[in-house]
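Colleague: Hi! I'm new to this and would love a friendly tour of a structure. Can you put it up for us?

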Amino acid sequence: MSKINVAVFVSGGGTNLQAVIDSGIESANIAVVVCDTPGVMAIERARNHGIPVELVNSGDFESREEFERQIVAKIARYDIGLVVLAGFMRILTPYFIGRFANRIINIHPSLLPSFPGTNSVRQALDYGVKQTGCTVHFVREEVDAGPIILQAVVPVTEEDTEETLLEKVHTEEHRMLPEAVRLFCEGRLSLSGRKVLISS
Ligand code: GRF
């Protein structure tokens, strides 16, 4: 089976990167990890698996687009077919999104369109919802608003704290993100308006 070269973008712990690595998706080659933050655990995880890391520090650039142009230049040689945002804490500009049109996916820790933005698990807990979860979606210019590929539900109990709920959401993320990568790389996702169709 021919493989799609995947770039995973990270900023922190990289547990979702780890889940994608560990799932050993046959149709995907994790060609490079792009990181905007020096010294984070995600870098170590990539290096442990011999995956090249391109560290591009956003603080070194005057604009978001310059930062992204540097990333594009650094990943040019990997022939990337899919960009996976796995805890990448930067909002992408139309330049980058256009450059990889319909080839960027993001994992978000809530059932979108509820609780977009940051601190979504805290927001869900404070709101008092009985269920939350996570979403993998295509990336559009509007933050956390692209077509939804997969969602998983996590029940919220009265005993839940931010920590316990985060752990439950993470467990679902680690199952769902590799599944979305696999579906994309097997060519099973298509778009109909803002609906994502999954072929069998
Ligand atoms: C995940 O909860 C993801 O939904 C959010 O950032 C977090 C990244 O965690 N976008 P990790 O770096 O994969 O551990």
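Colleague: Thanks! Let's start with a proline: where does Pro113 lie?
Modeller: This is a predicted model, so keep that in mind. Pro113 lies in the loop between strand 5 and helix 5.

Colleague: And what is the peptide bond from Leu112 to Pro113, cis or trans?
Modeller: That bond is cis, with omega near 15 degrees.

Colleague: OK, new topic: the ligand. Where does the ligand sit?
Modeller: The largest pocket is where you'll find the ligand. Three elements each give two or more residues to the shell around the ligand: helix 1 (15–22), strand 5 (104–108) and helix 6 (162–185).

Colleague: Which residues are around the ligand?
Modeller: Going along the sequence, they are Gly13, Gly14, Thr15, Asn16, Gly87, Ile107, His108, Pro109, His170 and Glu173. Sorted by class, two are nonpolar, seven are polar and one is charged.

Colleague: Nice. How far is a polar backbone atom of Gly14 from an oxygen atom of the ligand?
Modeller: Those two atoms are 2.8 Å apart. For Gly13, a backbone N or O atom is 3.5 Å from an oxygen atom of the ligand. Pro109 also has a backbone N or O atom that lies 3.5 Å from a ligand oxygen.

Colleague: And how much of the ligand's accessible area does the protein cover?
Modeller: On its own the ligand has 370 Å² of accessible area, and the protein covers 83% of that.

Colleague: Switching again: how many aromatic pairs are there in the whole structure?
Modeller: A search finds six. One of them is formed by Phe115 and Tyr127, which meet edge-to-face. Their centres are 5.7 Å apart, with 65 degrees between the planes.

Colleague: Which parts does that pair tie together?
Modeller: Phe115 is in the loop between strand 5 and helix 5 (120–127), while Tyr127 is in helix 5, so the pair links parts that are twelve residues apart in sequence.

Colleague: Last one: what is the phi of Asn102?
Modeller: Asn102 has a positive phi of about 60 degrees, although it is not a glycine. You can find Asn102 in the loop between helix 4 (94–99) and strand 5.

Technical notes:
Residues are numbered from 1 along each chain as its sequence is written. This is a predicted model: local features need pLDDT of at least 70, side-chain atom pairs count only at pLDDT 80 or more; totals for chains, interfaces and linings use all residues. Side-chain values use heavy atoms; hydrogens and water are left out. A residue is near a molecule or strand if one of its heavy atoms lies within 4 Å of it. A polar contact is a pair of N or O atoms within 3.5 Å; within protein, one must be able to donate a hydrogen and the other to accept it, and residues adjacent in sequence count only if both atoms are side-chain atoms. Accessible areas come from the Shrake-Rupley method with a 1.4 Å probe; for residues, only the protein chains shown count as cover. On a 1 Å grid over the protein atoms alone, a cavity is a set of points where a 1.4 Å probe fits but cannot get out, and a pocket is an open set with protein on both sides within 12 Å along at least five of seven lines; lining residues have an atom within 4 Å of a point. A molecule sits in a cavity or pocket if more than half of its atoms lie within 2 Å of its grid points. Helices (H or I, at least four residues) and strands (E, at least two) are DSSP runs, numbered from the N terminus. Ala, Val, Leu, Ile, Met, Phe, Trp, Tyr, Cys and Pro count as nonpolar, Asp, Glu, Lys and Arg as charged, and the others, Gly among them, as polar. Rings of Phe, Tyr and Trp (its six-membered ring) pair if their centres lie within 6.5 Å; planes under 30 degrees apart count as stacked, over 60 as edge-to-face and the rest as tilted.
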